[in-house]
Amino acid sequence: MQQMLDAHSIPVRLVAQGAAIHFGCDSPIAVQVRPQDQWTALLLLSPIEENL
């Protein structure tokens, strides 16, 4: 996600959401973008809709 947003010149900040429950597990991460880039980021990261 970070690389895709970086490729579109959208600054990204990754924020840890807490400690891992088990040793060796990754902690959950949230992606933050500036408010003015929020809709663009959501569109870039959303799944492609298919016309049926």
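**A short α-β-β-α chain, from its first residue to its salt bridge**

M1 counts as exposed, because its relative accessibility is 64% (buried is under 20% relative accessible area, exposed over 50%, partly exposed in between, with a 1.4 Å probe and protein chains only). This is a predicted model, so to speak of local features takes a pLDDT of at least 70 and side-chain atom pairs count only at pLDDT 80 or more, while totals for chains, interfaces and linings use all residues. Residues are numbered from 1 along each chain as its sequence is written, and side-chain values use heavy atoms, with hydrogens and water left out.

Here is the overall layout. The chain has 2 helices and 2 strands (DSSP runs numbered from the N terminus: H or I of at least four residues for helices, E of at least two for strands). Read from the N terminus, the order of these elements is α-β-β-α. Of the 52 residues in the chain, just 10% are buried. The accessible surface adds up to about 4,800 Å² (Shrake-Rupley method, 1.4 Å probe; for residues, only the protein chains shown count as cover). Carbon and sulfur atoms hold 57% of that surface. As for contacts (heavy atoms within 4.5 Å), take those in the chain with a separation of 6 or more: 31% of them link residues 24 or more positions apart.

Back at the start of the chain, M1 sits in the segment before α1, the helix of residues 2–7. M1 also belongs to a nonpolar surface patch of about 540 Å², together with M4, L14, I29, V31 and L45 (patch residues have over 30% relative accessible area and no salt bridge; like charges are joined within 9 Å, and nonpolar side chains, meaning Val, Leu, Ile, Met, Phe, Trp and Tyr, within 5 Å).

Next comes the loop between α1 and β1, which is where S9 lies. Its phi angle is near 60°, a positive value in a residue that isn't glycine. S9 counts as exposed because its relative accessible area is 64%.

Strand β1 covers residues 12–16, and R13 is part of it. With a relative accessibility of 53%, R13 is counted as exposed. Setting aside neighbours within four places in sequence, R13 touches A30, V31 and Q32. With Q32 there is also a side-chain to side-chain polar contact of 2.4 Å (a pair of N or O atoms within 3.5 Å; within protein, one must be able to donate a hydrogen and the other to accept it, and residues adjacent in sequence count only if both atoms are side-chain atoms). Looking the other way along the chain, Q2 is 11 residues from R13, and the C-alpha atoms of the two are 8.4 Å apart.

That leaves D37, found in the loop that runs between β2 (29–33) and α2 (38–45). Is D37 buried or exposed? D37 is buried, because its relative accessible area is 11%. Leaving out neighbours within four places in sequence, D37 is in contact with I10 and P11. The side chain of D37 also makes a polar contact of 2.8 Å with the side chain of R34. The two side chains meet in a salt bridge as well, at 2.8 Å from N to O (a side-chain nitrogen of Lys or Arg within 4 Å of a carboxyl oxygen of Asp or Glu). The structure holds 1 salt bridge. R34 counts as partly exposed, because its relative accessibility is 38%.
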